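User: I am new to this structure and would like to go through some of its features with you. Could you take my questions one at a time?

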Amino acid sequence: MSTANRETPPPAAGRAGMKKELPERFKHYRHVWVFIELERGQVHPVSFELLGEGRKLADKLGVELAGVVLGPPGEATWHAVAGAFAYGADLAYIIEDPLLAHYRNEPFTRAMTDLVNTYKPEILLLGATILGRDLAGSVATTLLTGLTADCTELDVDIDGSLAATRPTFGGSLLCTIYTLNYRPQMATVRPRVMAMPARTDKPVGRVIQHKLFMAEQDIVTKILGFLPDSQSAKANLAYADVVVAGGLGLGAVENLQLVKNLAAAIGAEYGCSRPLVQKGWMPADRQIGQTGKTIRPKLYIAAGISGAIQHRVGVEGADLIVAINTDPNAPIFDFAHVGIVTDAIRFLPALTEAFTRRLSPHNRDKLAS
Amino acid sequence: MHIVICIKQVPDSAQIRVHPVTNTIMRQGVPTIINPYDLFALEEALRLRDAHSGEVTVLTMGPPMAEDALRKALTYGADRAVLLTDRYFAGSDTLATSFALSQAIAKIGETFGKPDIVFAGKQTIDGDTAQVGPGIAKRLDLLQLTYVAKIASVDLESREITVERRSEGGMQMLKSKLPCLITILEGSNEIRRGTLDDALRAARSEIVKWSAAGAGIEDLSKCGLRGSPTVVKRVFAPAARAEKAAQIDVTDKTPRDLADELIAQIFTRQPALEHELAFDGEA
């Protein structure tokens, strides 16, 4: 039973729902923290997206925004700190330790919980990435506080509580969740759900350095190796500028080639709706929607996708949504910007060809290479 | 070896509909299934048991009808099923759920032998939080291995386990120790068809049913709504977009004409896009 799966939402006046005065030990919890996810020298963009959101929350609360950087001693870690400032942090908490060179649950959980217990933030945000989800669950349980997963909207209530809104029932409804009597209030947000804030040339802020009180022999889990994904397996759907996706309307697994052809012709990533993954037509990392990837492309072309609400949640951030579907009553036409009621199987090859004609020969060569 | 696997009975979310007028969930007649991600974990547990001998205990927390999910797990070949059910658990969030399940796992350990591995699915298809597995690990002080794509080896003698774990941009090869909690990635394997023997045994099996007290839970303030730091305050339907999609008229047009018209519309609405697609990086 998760937060989002109660048979009926508890009435606001229920015992647990009643807002009591915050226990004394939590009264000194202040400020908004964003975990800056650093892995193998790279900051995950979701951390900067969260700083944009964290900035708004901190401003509403009249508190400071901090980035939390956990990494090995060296340039990459300080680069992440600089990134946190550039995207809006007032200060950074940093733990530099060789044990934090690669993600492992034990040292990262220890590092984060130590920081929270020492510096007491009222809000802690993490990306709902593989790393972020692994870490957030451990940290929240260690601190015995609330954690709301995969939020699509964060706000501060009139009394200063964090109002975390997330999809429920597979995306068909939204619910707003509070962590009333515990601190910090924790939430995760998926990549691309929040817009990337503008990078500023703000001068560097304060840095508070902390130590990891751990030695390698305290850590049971050892890293034996790392096998990077092959280039072809790296679907960068979430951050693609143009995405083409297919749904059940394509009728047969062979017709997915039409989607891939169009994507190749215009340098787009391709994806699909959930039923196709369930049928085994496409791997799960190409799935777009509430249980798959959230995308925010400049152009999204949905071919043969009816547009169930769980799909809508994943594509709403797109600048321009084009829907191709034979059913004029398909829900996708309720949230697409441009619609064509036609058979995607016949239309996609024509669209691929037309795009190819429009694009400069130079660019065609580039895409082909 | 003794393996405990946590499963959840969920509504088949593909079949949930929202009432178009009242915006309420229409659950009537929606079938329940074992959370699909849990089946990958169950299969992995069964394979390990078959390779190393031992027992698989399947555990769920839920209403009495969740017994159906347990019986299904028995037909796949699980050896024992435990249902944790009590009105005190109603309204549990992930923190309260991980508390109750961890207490039940501790009780399973006392009653049927300490588990070497606790399995959970990657996440559920209804809550989607992926928080309960890590929560249980922390509560029981188990080593935590999430998003495992492959269990490369288990050595019961040295108590070592090596796994391949999905991480951002690749696979981590990890060596850890038993006991541990593992969540399994989808597609890692395929659930077996149970044998006729399993089906017969499942039908006859007694399912162990524990209330909160039965599981040895003394502190009820950590359960259900009271034990849940998060509170759902509001449930609502997403706002409808003000206008529907601008429809391109398709009558009497060839796909080629239609494609040209669509592209013209795209570039009118997003002029920058034409620039990028046409002169990508060369402007």
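User: At what angle do helix α3 and helix α4 of chain A pack, and does that make them oblique or roughly parallel?
Analyst: In this predicted model, helix α3 (residues 105–119) and helix α4 (residues 130–143) of chain A have axes 9 Å apart and pack at an angle of about 50°. Angles under 35 degrees would count as roughly parallel and those from 65 to 115 as roughly perpendicular. The angle of about 50° therefore makes α3(A) to α4(A) oblique.

User: How do the residues of the contact of α3(A) with α4(A) divide by class?
Analyst: On the side of α3(A), the contact is made by residues including A:F108, A:M112 and A:V116, while α4(A) contributes, among others, A:D134, A:L135 and A:V139. The crossing of these two helices, α3(A) and α4(A), is right-handed. Divided by class, the residues of this contact are 6 nonpolar, 6 polar and 1 charged.

User: Which residues of α4(B) meet α4(A), and how far apart are the axes of the two helices?
Analyst: From α4(A), the residues that take part are A:R133, A:D134, A:G137, A:S138, A:T141 and A:T142, and they meet B:P134, B:G135, B:K138 and B:R139 in α4(B). By class, this contact of α4(A) with α4(B) has 1 nonpolar, 5 polar and 4 charged residues. Helix α4 of chain B covers residues 132–140, and the two helices pack at an angle of about 45° with their axes apart by 8 Å.

User: Where in chain A does the proline of the cis peptide bond with A:R183 lie?
Analyst: Most peptide bonds are trans. The bond that joins A:R183 and A:P184, however, is cis, with omega about -5°. A:P184 lies in the loop between β10 (173–179) and β11 (185–189) of chain A.

User: Which residues does the cis peptide bond in chain B join, the one with omega about 0°?
Analyst: The proline of this bond, B:P179, is placed in the loop between β11 (170–177) and β12 (180–184) of chain B. With omega about 0°, the cis peptide bond joins B:L178 and B:P179.

User: Over which ring does the charged end of B:R80 sit, and at what distance from its centre?
Analyst: An arginine counts as sitting over a ring if its CZ is within 6 Å of the ring centre and within 35 degrees of the ring normal. In chain A, A:R286 lies over the face of A:Y270, at 3.9 Å from the ring centre. In chain B, the charged end of B:R80 sits over the ring of B:F112, with a distance from the centre of 3.9 Å.

Methods:
Residues numbered from 1 in each chain as written. Chains lettered and ligands numbered in written order. Predicted model: local features only at pLDDT ≥ 70, side-chain atom pairs only at ≥ 80, totals over all residues. Heavy atoms only, no water. Axes fitted to C-alpha atoms, helices over the stretch in contact; angles between N-to-C directions. Helix = DSSP H or I, 4+ residues; strand = E, 2+ residues; numbered from the N terminus. Parallel < 35°, antiparallel > 145°, perpendicular 65-115°, else oblique. Left-handed = near helix turned anticlockwise from the far one by under 90°. Contact = heavy atoms within 4.5 Å. Nonpolar A, V, L, I, M, F, W, Y, C, P; charged D, E, K, R; others polar.
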